[in-house]
Every structure is written in structure tokens, then in C-alpha cells.
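Got the viewer open? Take your time with each stop, and select the residues as they come up.

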Amino acid sequence: MTAFGKLIRTTAFRLTLVYLLLFALFAASLLGYFAWNTRRMITEQISTTVNAEISELSEIFGRRGLRGLVINIENRALRPSANLYLLTTPNGQAIAGNVGSLAPGVMGTTGWSETAYRRLDDQDNTDHRALVRVDQLSSGFRLLIGRDLEERRRLFGIVAKAAQWSILVVVVLGIGGGIFVARRVLRRIDAMTGTAQRIMAGDLGGRLPVGRSGDELDRLAGNLNAMLERIEALMTGLKEVSDNIAHDLKTPLTRLRNRAEEALAKSATEAEYRAALERTIEESDGLIRTFNALLMIARAESGQARGNMDDFDAAEVANGIHELYEPLAEDGGMSLRVKTGSVPIHGNRELISQALANLVENAIKYGKPVAPAQPVGAVVSMDAKQVLIEARRDGGWVLLSVTDHGPGIPEADRKHAVERFVRLEASRTLPGSGLGLSLAAAVATLHGGELRLGDASPGLTATLAIPALKGASDRLAVQTQDVPQKVA
């Protein structure tokens with residue numbers, strides 16, 4: 001398709017033509033009304049003048065008779081004007097006036113008519129048009145008075161020509177403006193199309209151009225760019241998940257196969273087979289947990305869990321997690337403490353509970369205090385082995401935080417620590433999949449918040465920051481629950 005063909009097919013050009021047609025019709029209607037009104041006004045002026053002269057001459061005929069009327073008509077006919085006068089006998093013979101000829105039948109009827117005529121002093125044989133009135137006097141005499149319509153015709157012609165030129169100018173300017181606007185719009189659309197084609201070819205980093213006018217195309221491009229950024233982030237996450245699954249799940253699957261093969265080759269008794277099967281089931285449960293965590297992260301990042309959101313109290317979640325994980329903390333030589341107030345929140349209770357549980361598991365697993373070199377028999381303080389779960393409101397945020405007093409995470413590694421399957425050097429010797437912080441970060445993002453990792457000096461404070469429930473009553477009276485501490 002040629003460039004001109006593309007141009008005339010654009011919506012902007014077609015809209016311009018529609019508006020041009022509407023404006024041309026409006027202009028033609030306006031000029032037509034002006035011409036018609038002008039014609040009507042001239043006709044009314046002629047009628048008023050002729051009626052006045054008819055009355056005046058009729059009065060003269062009544063006072064001075066036929067002779068006085070003839071003299072008066074002859075005097076008026078000699079004046080340089082567009083008025084017409086004619087006095088005839090009852091049988092139609094002209095007595096006085098400046099009319100040489102009329103259309104047949106004009107003098108035979110009284111009243112108004114528009115007729116062709118010639119003046120006595122005309123040098124050419126061209127017919128003219130006039131608006132005349134014929135009145136019958138006493139004794140059968142007939143009097144015609146009228147006025148030439150050349151002035152009305154000339155004025156109407158001026159208006160018509162002005163209308164023609166005006167419509168022509170409107171059409172030319174409208175088409176030119178339409179082409180200009182369509183070219184600008186087409187240039188921007190072509191730029192968007194080119195970017196879209198590059199994106200379809202695999203360049204997810206391409207973005208639509210956004211101007212500075214802030215018009216509808218700029219707003220559309222801005223929204224599409226935001227969508228493309230989201231798609232790029234999802235595709236990057238999908239690629240990372242695929243790579244991570246290929247690398248990080250290969251080892252446990254290989255280990256699972258080797259154990260099964262070893263059981264077949266070396267086990268001789270039922271007890272040995274049972275032990276091998278138990279290890280296989282344990283390894284399989286770990287893989288299932290990993291896949292469940294990946295699915296939950298995918299649900300959170302794709303926004304599928306938004307349909308299950310409700311209003312609830314974050315304090316209930318914190319207290320429930322404390323009750324659930326307190327025995328696990330005691331088995332690991334740690335203690336749990338919870339500090340909550342009534343904190344209304346809107347979100348997916350299941351995902352928020354899972355995210356907070358992941359933070360507590362990490363704190364119990366990796367938050368054991370690292371004591372400096374001490375004499376043999378030195379005891380680590382109870383406070384150092386404590387993990388604090390806290391639910392509170394801070395301005396427009398609901399904060400669900402877990403604080404431990406372990407080695408923490410160096411500030412340089414905190415951004416890297418929330419990625420999938422990432423395990424820092426200090427935690428590689430402990431069991432885990434490296435998905436706990438990733439899930440917590442995905443859940444926070446789903447709710448419009450963020451996962452904050454801070455320094456507890458010593459230790460780590462991991463906080464789920466979620467926007468507070470709008471319109472909730474501000475019940476910020478903090479209730480502190482001190483749970484008895486036990487140190488193994």
C-alpha cells in the first residue's frame with residue numbers, strides 16, 4: 001500500500017472528512033439563510049415603496065384628475081431611478097410612464113407579480129425583471145408601479161459567489177488540515193507499530209514512544225509501556241524459574257533416583273527396603289513442597305489470588321503463626337514472642353499467613369545467635385535466642401515483622417536474597433529450597449506492598465509492609481503478649 005493510501009485510510013483523516021462535511025453543510029446553510037433573508041428584506045422594501053407610491057398617485061388622481069396624474073407620472077418617470085411607472089386606458093393603451101413592454105397579461109390582472117419588462121430608454125433589447133403592482137383606478141384606468149430587481153439579483157450573486165469561495169476555502173483547508181493531522185497521527189502509529197513488531201520479534205525491552213503533549217496517544221503509550229514492563233518482568237521471572245528448576249531440582253531428583261537404585265542393588269532385608277522407601281518419601285515430600293512454593297509464587301505474581309481477598313485482623317494471623325511454630329522453635333533451642341494489636345487488613349489471608357510462616361521458619365532456622373569466642377561453658381543469653389513476631393500499624397501501612405538475633409543478611413546481599421532458589425553462603429549447609437523470601441516478596445507485591453529486610457543489630461528484621469485497610473477504625477491500642485520463654 002502506498003503512503004497516500006495509508007494516509008487516507010487512517011481514522012484521523014476520515015474523521016476530518018466527516019467534520020469537514022458537517023462544517024461545509026453548516027456554512028452553506030448559514031450563507032443560504034443569509035441570502036434568503038437578504039432577498040426577503042429587499043422585496044419587503046420594494047413592496048413598501050411601491051405601496052406608498054400607489055397610495056400617493058391614487059390620491060393625486062382623486063384630487064387633480066387624469067391630467068394631473070399623467071403630469072405627475074411623467075415627471076417621476078424622468079427621474080434617474082429603478083422605479084417603473086405605466087398608466088393605461090381601460091383597453092390597455094399606454095398613456096404615460098417609462099415602460100416600453102411587459103409580459104403578456106400583466107396589466108390584465110390587479111395585484112403583485114414578478115415580470116419581464118423593457119424600459120422606453122433602453123438601448124439594447126435585453127429583458128429585465130421587476131416586481132410590480134397593478135391597481136385599477138376609477139373609469140377603468142390601470143396604474144402599474146414597480147421596481148427593477150437587478151439590485152436584488154446582484155446582491156444575491158455576490159452572496160452566492162462568496163458562499164462558493166468560502167466553501168472552497170473550507171474544503172481546501174479542511175483537507176490540508178486532515179492530511180497534516182493524519183500524517184502526524186500516522187507517524188506516531190507507525191512508530192508504535194515498529195516497536196510492537198520488535199517486541200514480537202523477541203526484544204521485550206522495547207518501549208512505545210511517549211511525547212510531551214499528554215494526549216490520548218501518549219496516555220495509551222504510557223499504559224502499554226507499563227503493561228510491557230509487567231510482561232517483561234513476568235517473562236524474566238518465568239525464565240529464571242525455568243533455569244532454576246533445571247539447575248536446582250536436578251540434584252534432588254538425581255539423589256532420589258540414586259537412592260532408589262542403591263536400594264534395589266544393596267538392600268537385602270525388609271527393614272533396609274523400608275528405610276530406603278522412607279528416605280525416598282522424605283525426599284519426594286521436599287520436592288512437592290518446592291513445587292507448591294513455586295506454584296504459590298506464580299499465583300501471587302500473576303495476581304490470580306486477588307479474587308480471594310477479604311478483611312481480617314493481622315493480629316490473629318500473627319498469633320496463629322506463633323502458636324503453630326512455638327514447638328518447632330523450642331526444638332531448635334529458640335523461643336518465640338509475639339507482640340500485636342488489633343490491626344485491620346484487606347488481603348488474601350492464606351498467602352499472608354504462608355508468607356509470615358516462611359519468615360518465622362527462616363528466623364528459627366538461620367537466626368541462631370553467633371556468639372564470639374567465649375570461655376568453655378559460657379551460656380548464650382535467652383534474649384539472643386528469641387524471635388519476635390510483631391503486627392502493628394505505621395501510618396498507612398500494616399507491618400508484619402519477624403526479628404531474630406542471628407548473623408543476619410549483609411546489606412549487599414539483601415536484594416539478591418529474595419530471588420528464587422538463592423541460598424546465601426551461610427545457609428548452604430542447612431536444609432531448604434531458597435524460596436521462602438521469594439514467596440514473601442511475591443505476596444507483598446500482590447497486595448501493593450513490599451518485603452523489607454533490615455538490620456536488627458545484631459540479626460535480621462524481615463517485614464511484610466502492606467497498605468492498611470481504607471476506612472478501618474484506628475484501633476491502635478497495642479496489646480503486648482509475653483509468651484513464657486523456654487531455652488533448650
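Here is a walk through the chain, one selection at a time.

**The whole chain**

Before you zoom in, keep in mind that this is a predicted model. Show the protein chain as a cartoon and you'll be looking at ten helices and 14 strands. The chain has 488 residues, and 38% of them count as buried. Take the contacts between residues at least 6 apart in sequence: 64% of these join residues at least 24 apart.

**Stop one: the six-stranded sheet**

Select strands S1 to S6. In what order do the strands sit in this open sheet? Reading across, you get S2-S1-S6-S5-S4-S3, with antiparallel pairing. Now colour S2 (94-97) and S3 (99-102): these stand at the edges with a single partner strand each, so one side of each has no neighbour in the sheet. Neighbouring strands here are turned against each other by 35° on average, ignoring direction.

Next, pick out S1 (residues 83-88) and S6 (residues 142-148), an antiparallel pair joined by six bridges. Show asparagine 83 as sticks and look across to S6, where arginine 147 stands opposite.

**Stop two: S10, S11 and S13**

Move on to residues 386-394, which make up strand S10, and then to S11; seven bridges join these antiparallel strands. For a pair to look at, arginine 393 stands opposite valine 398 in S11. The hairpin of S10 and S11 has two residues between the strands, and glycine 395 takes a positive phi near 65° there.

Is S11 (residues 397-403) enclosed or open? Six of its seven residues are buried, so the rest of the structure largely encloses this strand. Add S13 (residues 460-467) to your selection: S11 pairs with S13 too, antiparallel and over seven bridges. Here tryptophan 397 is the residue opposite proline 467 in S13.

**Stop three: two helices together**

Select residues 349-366 for helix H8 and residues 436-446 for helix H10; their axes lie 9 Å apart, and the helices pack at an angle of about 145°. The crossing of H8 past H10 is left-handed. To see where they touch, show side chains on the H8 side, including Leu351, Ala355 and Leu359, and on the H10 side, including Leu437, Ala440 and Val443. Sorted by class, this contact has nine nonpolar and four polar residues, and no charged ones.

Stay with H10 for a moment. This helix is mostly covered, with ten of its eleven residues buried; among them are Ser438, Ala442 and Leu446. Step just past the end of H10 and you'll find glycine 448, which takes a positive phi of about 80°.

**Stop four: the nonpolar cores**

Which residues touch the most other members of the largest nonpolar core? Select Ile321, Leu356, Leu359, Val360, Ile389, Leu451 and Leu464, out of the 47 residues in that core. H8, from the previous stop, gives the most to this core, with nine residues.

Now centre on leucine 451. Setting aside neighbours within four places in sequence, leucine 451 has contacts that include Leu359, Val418, Leu437, Ala440 and Leu464.

For your last selection, try Leu69, Tyr85, Ala96 and Leu149: they are among the 20 residues of another core, which lies apart from the largest one.

Technical notes:
Residues are numbered from 1 along each chain as its sequence is written. This is a predicted model: local features need pLDDT of at least 70, side-chain atom pairs count only at pLDDT 80 or more; totals for chains, interfaces and linings use all residues. Side-chain values use heavy atoms; hydrogens and water are left out. Axes are lines fitted to C-alpha atoms, for helices over the stretch in contact, and angles run from 0 to 180 degrees between N-to-C directions. Helices (H or I, at least four residues) and strands (E, at least two) are DSSP runs, numbered from the N terminus. A crossing is left-handed if the near helix is turned anticlockwise from the far one by less than a right angle, and right-handed if clockwise. Contact means heavy atoms within 4.5 Å. Ala, Val, Leu, Ile, Met, Phe, Trp, Tyr, Cys and Pro count as nonpolar, Asp, Glu, Lys and Arg as charged, and the others, Gly among them, as polar. Two strands pair if DSSP finds at least two bridges between them. A nonpolar core is a set of buried Ala, Val, Leu, Ile, Met, Phe, Trp, Tyr and Cys residues joined through side-chain atoms within 4.5 Å. Buried means under 20% relative accessible area, exposed over 50%, partly exposed in between (1.4 Å probe, protein chains only).
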